[in-house]
Each structure stands twice: as C-alpha cells, then as structure tokens.
Amino acid sequence: SIFSAPPTLESPIVPTGLSAGAAQERAMNFDAEAAEKDIDREFVKDVEKHIVEEAPSHAWSYPHPGDMVAVELVPAAPAAGGDASEACADQAAAPEWPEMWSWVVGSGVAHSVGGVDLDRCVRTMRRGEVASVKRRGSDDAAALLRLRGLECSDDLTGDGLLTRVTVERAAAYQSLRRGTELHIRYSWRQAVDAGAGAGAATASEAPQVTEMLAAPGASSWKCLAGSRDLADLTRALLRRYGGTVVLRRAPSGAVGDGEGEGRLKIRRGEQQLFSGSLGPAGIAEATRAVESPAAASAPKRQPREVVIRVMSEHLSECSAEDWIPGDAGMR
C-alpha cells in the first residue's frame, strides 16, 4: 500500500458563528440526496440528519466498505424547545477533548449513537462534514458528528495485488507535462492477512474496542488528532485487532504524569498493550509493540522523500530504486 501524509485536521467540533437559523438553512434534505446518490434508502427513512458544517468543496468522496474512517463524537443536549438539531447548532462550546472513533467501514463494527448505526451513517458523510443525527421520531438527543479522517482503499490492478490507500485527497489539481518533477513522500508495505496476527479476533469473537487513553501534557487536541504518527498507530491497531479504536482523554491519574510530551496507554478490555510517552518516539514504539509478528517481519519501505520525473502520459522515472514505472507505478 502507498501511504501519504495524513490530513491536517481542524479544531474539534465547535460550530461557532452558526446560529440555529443558519443551521436550519443549511440543513440537508436527506431524502433528496438519497435519490441522487447511492445511499441506503431504508437507513434514510429511519434517520433525521442535518448538516451543521459542510465539507470542503474538494472533499467529494464518501466512505465505502474497506475504507478507514475517524469520527469525532460529541453528544449534544436537546434545546429547550425540544429541537435537538437546534441544540447542536447553538452549542456554545464543545468539549476540548471529544472522543474520536476509528474503524474500517463494513467490517461488522456495531455501534450506535442517538439510535443511529454509525457505520451506516458515516457512509452518507464527506470528510470535514459536521452533522447532527438521531433516529427519526425519537425523543433521544441528537448526536453531533464530524468525519475527521477518511482513508480510501483502491485496487489498482483489479486482482488485489496492488492496493493504494489515499489518506488525503488533493485540494487542487494541475495537469502534468513532460519534464515535470514531483517531490513526494513515498513508502510501501506488503499487506498481511489480519488473521496472521496472534491477537486477531476469531470469526466467532465479537469485535472489541481498543482504547487509547491520552494525558496530553502540552499538546492540544488539534495537534494530537492531526498527528501522522498517531494515524499510523491507529492503522496498525485496526490491522491487527479489527473492531474500533477509540481515542479519549485519560481520567486524571489514570496513565501517570501528563506533563511534557504527555503519556499514552493502550488497552483492550483488561489487556494492556502499551504504556509510555505520547511523543513521536513513544508513539513509534507503541506502533512496533502492537504489530503482529507477521506484519513486523513483512517487507516494507519506510517513508522517505523521492523525486519523480514525468516522461510521458504513462511513464515516469523515480529516484527510488523500487519504483515500478508505468500505469501501476505506485510501489
């Protein structure tokens, strides 16, 4: 797989400057969208969804089975008048540290919030979108969701031998001409069957939640959620254990001293997988600790900067010695 740099993420869900009236004006006609796009019609009938903050114009893709998503979750209390969507729009201040849930779409993860299946709901969202959702006709409070991250997997050769994972789509496009030089950050790894990991769940075992408890020290939520190292760690946890990875702030004293770079603890149920620094070196150590022996020993190329020169429409040359030129030149 090819991994680009993770997206630079915005602040936590704080719909500031958006009044209830403005939120109503920008509310999505969910039924109309379902008629135009490939969205689960039965799901649409059961859900009330309103867009509080639209996704950027360049974020046009929707999650599909096999894609990895990261969703920021902030439950919102209903408004005095009972309109939960207005409560979401008028929320004065979201928690500084909301929870962030990551999983692979369509992998059997069963979580709901506000009576809404998150795995089905996220397939109707675009990266950066903030929406309030609740079950239609329910008295439950609506939940406020932001699709923080979306990693799309594409089978480049059609036979599963070469898969590209797009971590962030381009915000701008430019045609490449002969002689154009591109400077990219490039890496690859040989995929390993999740079942090869000693800690992988069996088919009869329900997916579990892996918790990452962070005592951030001087780090902010924005810095931590946008960390490339933390995205790599989350990806490694999902590869080995499946299920859901939840990032949340640790209760006071739960992981030790949070000063300096901060502290990180990773656990699955009663099993502790890692405890150490929240800095780059500590997260790299955690990633190595949670990799299965098969994944750790599989061939891979660590990220490094390379130069690509465009020779023609279907041919390029690269300073990386393991680059394959041509239409499948992604490895």
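1. Start with helix α8. Its buried residues pack against three elements: α7 (228-241), β12 (263-268) and β13 (271-277). This is a predicted model, so what follows describes a prediction. The helix runs over residues 280-290, and the buried set is G282, I283, A286, T287 and V290. These residues sit on the same side of α8, because they cover an arc of only 140° around the axis. An α-helix has 3.6 residues a turn, so residues three or four places apart point the same way. The other side of α8 carries exposed residues: P280, A281 and R288.

2. Now the chain as a whole. It has 331 residues, of which 44% count as buried. There are 9 helices and 15 strands. Consider the contacts with a separation of 6 or more: residues 24 or more positions apart account for 72% of them. Several of the points below give individual pairs of residues that lie apart in sequence.

3. T210 belongs to strand β10, residues 209-215. Is T210 buried or exposed? It is buried, because its relative accessible area is 0%, under the 20% limit. Its side chain makes a polar contact of 2.8 Å with the side chain of R268. Residues up to four places away in sequence aside, T210 touches L237, Y241, T244, V245, V246, I266, R267, R268 and L273. When inspecting this site, the R268 side chain is the polar partner to look for.

4. G269 is in the loop between β12 and β13. It is exposed, because its relative accessible area of 51% is over 50%. Neighbours within four places in sequence aside, G269 has contacts with Q208 and V209. G269 and V209 are 60 residues apart in sequence, yet 7.6 Å apart in space, C-alpha to C-alpha. Set T210 beside this loop residue: T210 is buried at 0%, while G269 is exposed at 51%.

5. E261 also lies in a loop, the one between β11 (244-249) and β12. At 48% relative accessible area, E261 is partly exposed, because that value falls between the 20% and 50% limits. What separates its C-alpha atom from that of G282? The distance is 9.3 Å, with the two positions 21 residues apart along the chain. G282 is one of the buried residues of α8.

6. E129 deserves a look. Its place is the loop between α5 (118-121) and β6 (130-135). E129 is buried, because its relative accessible area is 3%, under the 20% limit. Which side chain does the E129 side chain meet in a polar contact of 3.0 Å? That of K49. Beyond four places in sequence, the contacts of E129 are K49, I51, E53, E54, A55, T124, L145, R146 and L147. K49 therefore appears both as a contact of E129 within 4.5 Å and as its side-chain polar partner.

7. Two partly exposed residues come next. R185 is in strand β9, residues 181-189. Its relative accessibility is 29%, which makes it partly exposed. R185 and V307 are 122 residues apart along the chain, and 8.9 Å separates their C-alpha atoms. A294 is in helix α9, residues 293-297. It too counts as partly exposed, with 28% relative accessibility. A294 and V192 lie 102 residues apart in sequence, with a C-alpha to C-alpha distance of 6.9 Å.

8. Last, the internal space. Rolling a probe the size of a water molecule over the atoms shows where empty space is left. How many cavities of 30 Å³ or more does the structure hold? There are 3. The second largest has a volume of about 100 Å³. Its lining is made up of H58, A59, W60, S61, R127, L150, C152, T166, V167, E168 and R169. By class, the lining residues are 5 nonpolar, 3 polar and 3 charged. The charged ones include R127, E168 and R169, because Glu and Arg count as charged.

Conventions:
Residues numbered from 1 in each chain as written. Predicted model: local features only at pLDDT ≥ 70, side-chain atom pairs only at ≥ 80, totals over all residues. Heavy atoms only, no water. Buried < 20%, exposed > 50% of the residue type's maximum accessible area, 1.4 Å probe, protein only. Helix = DSSP H or I, 4+ residues; strand = E, 2+ residues; numbered from the N terminus. Arc of directions from axis to C-beta. 1 Å grid on protein atoms, 1.4 Å probe; cavity = no way out; pocket = protein on both sides within 12 Å on 5 of 7 lines; lining within 4 Å. Points joined across faces, edges and corners; volume = space filled by probe spheres on them. Polar contact = N/O pair within 3.5 Å; in protein donor to acceptor, adjacent residues only side chain to side chain.
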